[in-house]
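Subject: Structure handover

Dear colleague,

Please find the structure below, with the sequence alongside. My notes on the salt bridges, the disulfide and the core follow.

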Amino acid sequence: MTGIDWTVDSVTVDGTTQRAPAHAHVRIEDDRAAGSFGCNRFSGTAQITGDQFRLSHVRTTRMACDNARMTFERALSRTLTSGPLTMTGEAGKLTLTASGGDRVQLSKA
């Protein structure tokens, strides 16, 4: 999971899946994570324990984009920072799942 550039493919919140805009991505390095929610760039503290991932202390830029990208960004940000996410993956794909079932689908860039 660490040291890999991950492209965000989609986010599913409350059973509704949204495809990611072209520039949504994340890179996790040891205890830091950075990337783009689809419009705004972010960085924060990353913690990996076993199959659990947690993103906290997130800072973002504050650009305004079109409504579709901002809607996706809010969903992705909320899911990534919702608490510990369970990581599952295979063959260049990674899924981060929140305890309530919301999830983020990523693939190796």
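D5 and R27 form a salt bridge, with 3.0 Å between their closest N and O atoms. This is a predicted model, and the values here should be read as belonging to that prediction. D5 sits in strand β1 (residues 5-13) and R27 in strand β3 (residues 25-29), so the bridge ties together parts that lie 22 residues apart in sequence. Both ends are partly exposed: D5 has a relative accessible area of 42%, and R27 has one of 29%.

R27 has a second partner. Its side chain also meets that of E29 in a salt bridge, at 2.5 Å from N to O. E29 is partly exposed as well, at 33% relative accessibility.

Elsewhere, the side chains of R78 and D102 meet in a salt bridge of 3.1 Å, N to O. This pair links distant parts of the chain, 24 residues apart: R78 belongs to helix α1, while D102 is in the loop between β8 (93-97) and β9 (103-108). The two ends fall into separate accessibility classes, since R78 is partly exposed at 44% and D102, at 13%, lies under the 20% limit for buried. As for networks, salt bridges with shared partners join D5, R27 and E29 into one. The search of the whole structure finds five salt bridges, among them the ones described above.

Next, the cysteines. How many disulfides does the model contain? The count comes to one. C39 is joined to C65, with an S to S distance of 1.8 Å. The torsion about the S-S bond is about 75°, so this disulfide is right-handed. The link connects distant parts of the chain, 26 residues apart: C39 is in the loop between β4 (32-36) and β5 (41-49), and C65 is in the loop between β6 (52-60) and α1 (67-80). Is C39 buried or exposed? With a relative accessibility of 7%, C39 counts as buried. C65, by contrast, is partly exposed, with a relative accessible area of 21%; the limit for buried is under 20%, so C65 falls just outside that class.

That leaves the interior. The largest nonpolar core has 25 residues, and those touching the most other members are F53, L80, L96, V104 and L106. Which elements supply at least two residues each to this core? They are β1, β3, β5, β6, α1, β7 (85-90), β8 and β9.

V104, one of those core residues, can be followed further. Setting aside residues up to four places away in sequence, V104 touches V8, S10, V11, L76, T79, L80, L94, T95 and L96. Two of the residues named there, L80 and L96, are also among the core members with the most contacts to other members.

T95, also on that list, is placed in strand β8. T95 is buried, with a relative accessible area of 14%. Its side chain is joined to that of Q105 by a polar contact of 3.1 Å. Apart from neighbours within four places in sequence, T95 is in contact with T86, M87, T88, R103, V104 and Q105. Q105 therefore appears both as the polar partner of T95 and in its contact list.

Regards

Notes: Residues numbered from 1 in each chain as written. Predicted model: local features only at pLDDT ≥ 70, side-chain atom pairs only at ≥ 80, totals over all residues. Heavy atoms only, no water. Disulfide = S-S within 2.5 Å. Helix = DSSP H or I, 4+ residues; strand = E, 2+ residues; numbered from the N terminus. Buried < 20%, exposed > 50% of the residue type's maximum accessible area, 1.4 Å probe, protein only. Salt bridge = Lys/Arg side-chain N within 4 Å of Asp/Glu carboxyl O. Polar contact = N/O pair within 3.5 Å; in protein donor to acceptor, adjacent residues only side chain to side chain. Contact = heavy atoms within 4.5 Å. Core = buried A, V, L, I, M, F, W, Y, C linked by side-chain atoms within 4.5 Å.
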